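Let's take a walk through this protein together, one neighbourhood at a time. Keep the 3D view open and find each residue as we get to it.

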Amino acid sequence: MMLMAGMLVTACASKPKAEEAEEPAKKVLVLYYSVTNTTKQIAEYIQQKTGADIEAIQTVEELPTDYQELLQLSGKMRESNTLPELKPLAHNVADYDLIFFGYPIWFGTYAQPVKTLVASGVLSGKTVVPFCTSGSSGVKESAENLKKDVPNINIPESFNVRASLMDKMPATVDRVLISLGLMEGENEVLADYSAQQAPTADETAIFDAAISTYPMMKGAKVISAGSRTTSKGTDYKFVAEGGMGGTMDVYVTKENGDVAPYFTAVDR
Ligand SMILES: Cc1cc2nc3c(=O)[nH]c(=O)nc-3n(C[C@H](O)[C@H](O)[C@H](O)COP(=O)(O)O)c2cc1C
(Lines give C-alpha, C1' and ligand atoms only; values in the text may rest on other atoms or scores of the structure.)
Protein backbone atom coordinates (compact mmCIF):
# COMPACT_ATOMS: atom_id res chain seq x y z
CA MET A 1 0.00 0.00 0.00
CA MET A 2 2.75 2.43 1.05
CA LEU A 3 4.64 1.77 -2.17
CA MET A 4 1.57 2.29 -4.25
CA ALA A 5 0.92 5.64 -2.59
CA GLY A 6 4.54 6.68 -3.15
CA MET A 7 4.37 5.67 -6.79
CA LEU A 8 1.22 7.69 -7.20
CA VAL A 9 2.89 10.81 -5.80
CA THR A 10 5.87 10.33 -8.13
CA ALA A 11 3.56 9.87 -11.09
CA CYS A 12 1.64 13.04 -10.25
CA ALA A 13 4.78 15.07 -9.57
CA SER A 14 6.25 14.20 -12.94
CA LYS A 15 3.09 15.22 -14.82
CA PRO A 16 3.94 18.20 -17.05
CA LYS A 17 2.33 21.47 -15.91
CA ALA A 18 0.76 22.18 -19.28
CA GLU A 19 -1.05 18.85 -19.18
CA GLU A 20 -2.48 19.65 -15.74
CA ALA A 21 -3.83 22.98 -16.96
CA GLU A 22 -5.58 21.35 -19.88
CA GLU A 23 -8.45 19.88 -17.88
CA PRO A 24 -11.54 20.41 -20.03
CA ALA A 25 -13.89 23.11 -18.73
CA LYS A 26 -17.14 21.85 -17.24
CA LYS A 27 -20.17 22.09 -19.49
CA VAL A 28 -22.83 23.86 -17.46
CA LEU A 29 -26.54 24.21 -18.22
CA VAL A 30 -29.02 26.39 -16.37
CA LEU A 31 -32.41 24.75 -16.76
CA TYR A 32 -35.29 26.50 -15.08
CA TYR A 33 -39.03 26.90 -14.83
CA SER A 34 -40.60 30.23 -13.93
CA VAL A 35 -44.12 31.60 -14.33
CA THR A 36 -43.79 35.08 -12.86
CA ASN A 37 -40.06 35.52 -13.63
CA THR A 38 -38.64 35.39 -10.09
CA THR A 39 -36.75 32.13 -10.62
CA LYS A 40 -35.81 33.38 -14.10
CA GLN A 41 -33.83 36.24 -12.53
CA ILE A 42 -31.63 33.78 -10.65
CA ALA A 43 -31.21 31.60 -13.74
CA GLU A 44 -30.07 34.60 -15.77
CA TYR A 45 -27.72 35.75 -13.03
CA ILE A 46 -26.05 32.30 -12.95
CA GLN A 47 -25.80 32.37 -16.75
CA GLN A 48 -24.16 35.82 -16.70
CA LYS A 49 -21.65 34.82 -14.02
CA THR A 50 -20.68 31.46 -15.54
CA GLY A 51 -21.31 31.80 -19.29
CA ALA A 52 -23.39 28.60 -19.04
CA ASP A 53 -26.03 27.62 -21.56
CA ILE A 54 -29.54 28.42 -20.41
CA GLU A 55 -33.01 27.13 -21.19
CA ALA A 56 -36.48 27.68 -19.80
CA ILE A 57 -38.77 24.69 -19.30
CA GLN A 58 -41.99 25.56 -21.10
CA THR A 59 -45.43 24.00 -20.98
CA VAL A 60 -47.25 23.41 -24.27
CA GLU A 61 -50.25 25.24 -22.84
CA GLU A 62 -49.21 28.48 -21.22
CA LEU A 63 -50.22 28.68 -17.55
CA PRO A 64 -51.87 31.83 -16.12
CA THR A 65 -49.60 34.33 -14.40
CA ASP A 66 -52.42 35.55 -12.16
CA TYR A 67 -51.69 34.13 -8.70
CA GLN A 68 -55.23 33.05 -7.83
CA GLU A 69 -55.85 31.48 -11.25
CA LEU A 70 -52.54 29.66 -11.13
CA LEU A 71 -53.21 28.49 -7.59
CA GLN A 72 -56.58 27.03 -8.63
CA LEU A 73 -55.28 25.38 -11.79
CA SER A 74 -52.15 23.93 -10.19
CA GLY A 75 -54.21 22.73 -7.21
CA LYS A 76 -56.41 20.75 -9.62
CA MET A 77 -53.35 19.39 -11.47
CA ARG A 78 -51.90 18.27 -8.17
CA GLU A 79 -55.07 16.60 -6.95
CA SER A 80 -55.54 14.70 -10.21
CA ASN A 81 -51.77 14.08 -10.48
CA THR A 82 -51.76 15.61 -13.97
CA LEU A 83 -48.35 16.23 -15.48
CA PRO A 84 -48.62 19.14 -17.94
CA GLU A 85 -47.10 18.47 -21.34
CA LEU A 86 -43.80 20.25 -22.02
CA LYS A 87 -42.25 21.63 -25.20
CA PRO A 88 -39.16 19.60 -26.15
CA LEU A 89 -35.88 20.93 -24.77
CA ALA A 90 -33.49 22.54 -27.26
CA HIS A 91 -30.44 21.38 -25.25
CA ASN A 92 -29.43 17.78 -24.70
CA VAL A 93 -29.16 17.49 -20.92
CA ALA A 94 -26.97 14.38 -21.28
CA ASP A 95 -24.19 16.58 -22.78
CA TYR A 96 -23.72 18.59 -19.55
CA ASP A 97 -21.46 17.97 -16.55
CA LEU A 98 -23.44 20.23 -14.21
CA ILE A 99 -27.05 21.38 -14.31
CA PHE A 100 -28.39 24.30 -12.29
CA PHE A 101 -32.04 23.35 -11.93
CA GLY A 102 -34.39 26.14 -10.89
CA TYR A 103 -38.09 26.22 -10.06
CA PRO A 104 -40.71 27.95 -7.95
CA ILE A 105 -42.00 26.05 -4.93
CA TRP A 106 -45.61 25.01 -5.30
CA PHE A 107 -47.23 23.30 -2.32
CA GLY A 108 -43.89 22.72 -0.60
CA THR A 109 -42.02 21.17 -3.52
CA TYR A 110 -41.08 21.80 -7.15
CA ALA A 111 -43.81 23.13 -9.44
CA GLN A 112 -45.97 20.63 -11.29
CA PRO A 113 -44.43 21.22 -14.79
CA VAL A 114 -41.03 20.45 -13.24
CA LYS A 115 -42.50 17.11 -12.13
CA THR A 116 -43.11 16.35 -15.81
CA LEU A 117 -39.46 16.98 -16.59
CA VAL A 118 -38.27 14.96 -13.60
CA ALA A 119 -40.55 12.06 -14.61
CA SER A 120 -39.05 12.11 -18.13
CA GLY A 121 -35.79 10.79 -16.65
CA VAL A 122 -33.46 13.35 -18.29
CA LEU A 123 -31.78 14.12 -14.96
CA SER A 124 -30.93 10.50 -14.14
CA GLY A 125 -27.30 10.10 -13.12
CA LYS A 126 -26.57 13.83 -13.56
CA THR A 127 -24.92 16.31 -11.20
CA VAL A 128 -27.62 18.82 -10.35
CA VAL A 129 -27.73 21.99 -8.23
CA PRO A 130 -31.39 22.58 -7.39
CA PHE A 131 -32.42 26.14 -6.60
CA CYS A 132 -35.83 27.58 -5.89
CA THR A 133 -37.75 30.73 -5.16
CA SER A 134 -40.74 30.78 -2.84
CA GLY A 135 -42.81 32.81 -0.45
CA SER A 136 -41.22 31.14 2.55
CA SER A 137 -40.29 27.49 1.82
CA GLY A 138 -36.67 26.41 1.72
CA VAL A 139 -35.19 24.02 -0.84
CA LYS A 140 -34.93 21.03 1.51
CA GLU A 141 -38.17 19.20 0.67
CA SER A 142 -37.84 19.56 -3.12
CA ALA A 143 -34.16 18.51 -3.04
CA GLU A 144 -35.14 15.44 -1.00
CA ASN A 145 -37.87 14.69 -3.54
CA LEU A 146 -35.34 14.96 -6.38
CA LYS A 147 -33.14 12.42 -4.59
CA LYS A 148 -36.15 10.09 -4.30
CA ASP A 149 -37.45 10.67 -7.82
CA VAL A 150 -34.24 10.73 -9.88
CA PRO A 151 -32.05 7.60 -9.98
CA ASN A 152 -28.37 8.28 -9.22
CA ILE A 153 -28.73 12.05 -9.06
CA ASN A 154 -25.74 13.82 -7.48
CA ILE A 155 -26.61 17.03 -5.60
CA PRO A 156 -23.43 18.83 -4.45
CA GLU A 157 -25.26 22.05 -3.44
CA SER A 158 -28.77 23.49 -3.30
CA PHE A 159 -30.17 26.87 -2.34
CA ASN A 160 -33.30 28.97 -2.08
CA VAL A 161 -34.12 32.65 -2.27
CA ARG A 162 -37.37 34.02 -0.90
CA ALA A 163 -39.18 36.12 -3.52
CA SER A 164 -39.25 39.06 -1.08
CA LEU A 165 -35.47 38.86 -0.52
CA MET A 166 -34.31 38.96 -4.15
CA ASP A 167 -32.03 41.91 -3.30
CA LYS A 168 -29.90 39.38 -1.40
CA MET A 169 -29.91 36.89 -4.29
CA PRO A 170 -26.48 37.79 -5.81
CA ALA A 171 -24.69 37.16 -2.49
CA THR A 172 -26.42 33.78 -2.09
CA VAL A 173 -25.61 32.70 -5.65
CA ASP A 174 -22.01 33.96 -5.52
CA ARG A 175 -21.40 31.84 -2.44
CA VAL A 176 -22.61 28.73 -4.28
CA LEU A 177 -20.62 29.53 -7.45
CA ILE A 178 -17.44 30.05 -5.42
CA SER A 179 -17.95 26.81 -3.50
CA LEU A 180 -18.41 24.93 -6.80
CA GLY A 181 -15.23 26.50 -8.24
CA LEU A 182 -17.20 28.35 -10.93
CA MET A 183 -16.30 31.82 -9.68
CA GLU A 184 -13.17 33.31 -8.14
CA GLY A 185 -13.33 34.45 -4.54
CA GLU A 186 -13.27 33.19 -1.01
CA ASN A 187 -16.29 32.24 1.05
CA GLU A 188 -16.57 33.06 4.71
CA VAL A 189 -16.34 29.82 6.68
CA LEU A 190 -19.58 29.61 8.63
CA ALA A 191 -19.71 27.88 12.00
CA ASP A 192 -22.33 25.24 12.77
CA TYR A 193 -25.38 26.47 14.64
CA SER A 194 -25.12 26.04 18.41
CA ALA A 195 -27.21 23.23 19.91
CA GLN A 196 -30.95 23.89 20.15
CA GLN A 197 -31.95 25.31 23.55
CA ALA A 198 -35.02 26.93 25.06
CA PRO A 199 -35.17 30.43 23.51
CA THR A 200 -34.19 33.52 25.50
CA ALA A 201 -36.60 36.47 25.56
CA ASP A 202 -34.34 38.27 23.02
CA GLU A 203 -34.39 35.29 20.68
CA THR A 204 -38.18 34.99 20.89
CA ALA A 205 -38.45 38.71 20.07
CA ILE A 206 -36.16 38.25 17.04
CA PHE A 207 -38.22 35.28 15.82
CA ASP A 208 -41.50 37.17 16.28
CA ALA A 209 -40.15 40.24 14.46
CA ALA A 210 -38.80 38.13 11.56
CA ILE A 211 -42.11 36.38 10.89
CA SER A 212 -44.34 39.41 11.59
CA THR A 213 -44.32 40.56 7.96
CA TYR A 214 -45.45 37.20 6.55
CA PRO A 215 -49.17 36.50 7.17
CA MET A 216 -48.90 32.73 6.63
CA MET A 217 -46.53 32.44 9.61
CA LYS A 218 -49.07 34.14 11.87
CA GLY A 219 -49.41 32.29 15.17
CA ALA A 220 -46.12 30.37 14.81
CA LYS A 221 -44.42 29.87 18.17
CA VAL A 222 -40.73 29.27 18.74
CA ILE A 223 -39.84 26.05 20.59
CA SER A 224 -36.03 26.21 20.60
CA ALA A 225 -33.16 28.20 19.16
CA GLY A 226 -29.59 27.74 17.95
CA SER A 227 -27.36 30.47 16.54
CA ARG A 228 -24.01 31.34 15.01
CA THR A 229 -22.10 34.58 14.68
CA THR A 230 -21.10 35.72 11.18
CA SER A 231 -19.27 38.77 9.83
CA LYS A 232 -22.71 40.29 9.06
CA GLY A 233 -24.44 39.64 12.36
CA THR A 234 -26.16 36.57 13.82
CA ASP A 235 -27.91 33.70 12.06
CA TYR A 236 -30.56 31.77 13.98
CA LYS A 237 -32.02 28.35 13.39
CA PHE A 238 -35.34 28.20 15.23
CA VAL A 239 -37.54 25.17 15.66
CA ALA A 240 -41.11 26.41 15.71
CA GLU A 241 -44.66 25.16 15.43
CA GLY A 242 -48.00 26.59 14.36
CA GLY A 243 -48.47 29.00 11.49
CA MET A 244 -49.57 26.81 8.60
CA GLY A 245 -49.18 23.78 10.88
CA GLY A 246 -46.61 21.25 12.03
CA THR A 247 -43.06 21.63 13.25
CA MET A 248 -40.61 23.56 11.12
CA ASP A 249 -37.07 24.90 11.02
CA VAL A 250 -37.06 28.66 10.51
CA TYR A 251 -33.80 30.34 9.48
CA VAL A 252 -33.49 33.98 10.56
CA THR A 253 -30.75 36.55 10.06
CA LYS A 254 -30.24 39.54 12.35
CA GLU A 255 -27.72 41.81 10.70
CA ASN A 256 -25.55 44.16 12.75
CA GLY A 257 -26.92 47.69 13.02
CA ASP A 258 -30.45 48.90 12.77
CA VAL A 259 -31.78 46.27 10.35
CA ALA A 260 -34.99 44.38 11.14
CA PRO A 261 -34.50 40.60 11.43
CA TYR A 262 -35.75 38.62 8.45
CA PHE A 263 -36.28 34.93 7.78
CA THR A 264 -34.54 33.31 4.82
CA ALA A 265 -36.21 29.87 4.69
CA VAL A 266 -38.77 27.63 6.35
CA ASP A 267 -38.10 23.88 6.10
CA ARG A 268 -40.92 21.57 7.15
C1 LIG B 1 -49.57 27.37 -7.13
C2 LIG B 1 -48.59 28.02 -6.20
C3 LIG B 1 -48.20 27.35 -5.05
C4 LIG B 1 -47.25 27.92 -4.19
N5 LIG B 1 -46.85 27.23 -3.08
C6 LIG B 1 -45.90 27.76 -2.27
C7 LIG B 1 -45.43 27.04 -1.13
O8 LIG B 1 -45.85 25.91 -0.83
N9 LIG B 1 -44.49 27.61 -0.35
C10 LIG B 1 -44.00 28.85 -0.62
O11 LIG B 1 -43.16 29.32 0.14
N12 LIG B 1 -44.39 29.56 -1.71
C13 LIG B 1 -45.33 29.04 -2.55
N14 LIG B 1 -45.72 29.73 -3.66
C15 LIG B 1 -45.06 31.00 -4.01
C16 LIG B 1 -44.04 30.82 -5.14
O17 LIG B 1 -43.12 29.78 -4.84
C18 LIG B 1 -43.25 32.10 -5.41
O19 LIG B 1 -44.11 33.14 -5.71
C20 LIG B 1 -42.18 31.93 -6.49
O21 LIG B 1 -41.14 32.86 -6.26
C22 LIG B 1 -42.70 32.12 -7.91
O23 LIG B 1 -41.64 31.89 -8.83
P24 LIG B 1 -41.69 32.35 -10.36
O25 LIG B 1 -41.89 33.84 -10.37
O26 LIG B 1 -40.34 31.97 -10.89
O27 LIG B 1 -42.81 31.63 -11.02
C28 LIG B 1 -46.70 29.19 -4.51
C29 LIG B 1 -47.12 29.87 -5.66
C30 LIG B 1 -48.05 29.29 -6.49
C31 LIG B 1 -48.48 30.03 -7.72
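**A guided walk through the fold**

Start with V252, which sits in strand 9, the stretch covering residues 247–255. Before going further, bear in mind that what you're looking at is a predicted model. Is V252 buried or exposed? With a relative accessible area of 1%, V252 is buried, because anything under 20% counts as buried. Look at what surrounds V252: leaving aside neighbours within four places in sequence, its contacts are I206, A210, T234, D235, Y236, F238, P261, Y262 and F263. Now look across to Q47, which is 205 residues from V252 along the chain; the C-alpha atoms of the two are separated by 28 Å.

One of those contacts of V252, D235, deserves another look. D235 forms a salt bridge with R228, and their closest N and O atoms are 3.0 Å apart. Both of these charged partners, D235 and R228, are buried.

Stay with strand 9 a little longer, since E255 belongs to it too. The side chains of E255 and K168 meet in a salt bridge, with 3.8 Å from N to O. K168 lies in the loop between strand 6 and helix 7, so this pair ties together parts that are 87 residues apart in sequence. The two partners differ in cover: K168 is partly exposed at 26% relative accessible area, while E255 is buried at 17%. There's a third member here as well, as D167, K168 and E255 are joined into one network by salt bridges that share partners.

How many salt bridges are there by this rule? The count comes to four. Another of them is in helix 3, residues 38–50, where E44 and K40 sit four residues apart, so about one helical turn separates them. Their side chains meet at 3.9 Å, N to O. E44 counts as partly exposed at 34% relative accessibility, and K40 does too at 28%.

Now for a charged residue without such a partner. D174 is found in helix 7, residues 169–179. D174 is buried yet has no salt bridge; K49 is the nearest side chain of opposite charge, and it is 4.6 Å away. Why doesn't that pair count as a salt bridge? The rule asks for a nitrogen and a carboxyl oxygen within 4 Å, so 4.6 Å misses the cut-off. D174 does touch K49, along with Y45 and M183, not counting residues up to four places away in sequence.

Next, find strand 5, residues 128–134, where seven of seven residues are buried. V128, P130, C132 and S134 point one way, while V129, F131 and T133 point the other way. Strand 5 has a partner in strand 3 (residues 98–106), running parallel to it and joined by six bridges. In that pairing, P104 stands opposite T133. Strand 6 (residues 159–162) also runs parallel to strand 5, with four bridges between them. Here C132 has N160 as its bridge partner.

Finish at the surface. Y67, L71 and F107 make a nonpolar surface patch of about 300 Å². L71 is found in helix 4, which covers residues 67–79, and it is partly exposed, with a relative accessible area of 35%. Although L71 and F107 are 36 residues apart along the chain, their C-alpha atoms are separated by 9.5 Å.

Methods. Residues numbered from 1 in each chain as written. Predicted model: local features only at pLDDT ≥ 70, side-chain atom pairs only at ≥ 80, totals over all residues. Heavy atoms only, no water. Helix = DSSP H or I, 4+ residues; strand = E, 2+ residues; numbered from the N terminus. Buried < 20%, exposed > 50% of the residue type's maximum accessible area, 1.4 Å probe, protein only. Lys, Arg positive; Asp, Glu negative; His and termini not counted. Contact = heavy atoms within 4.5 Å. Patch = residues over 30% accessible without salt bridge, like charges linked within 9 Å, V, L, I, M, F, W, Y side chains within 5 Å. Areas by Shrake-Rupley, 256 points an atom, 1.4 Å probe, with all protein chains shown as cover. Pairing = 2+ DSSP bridges.
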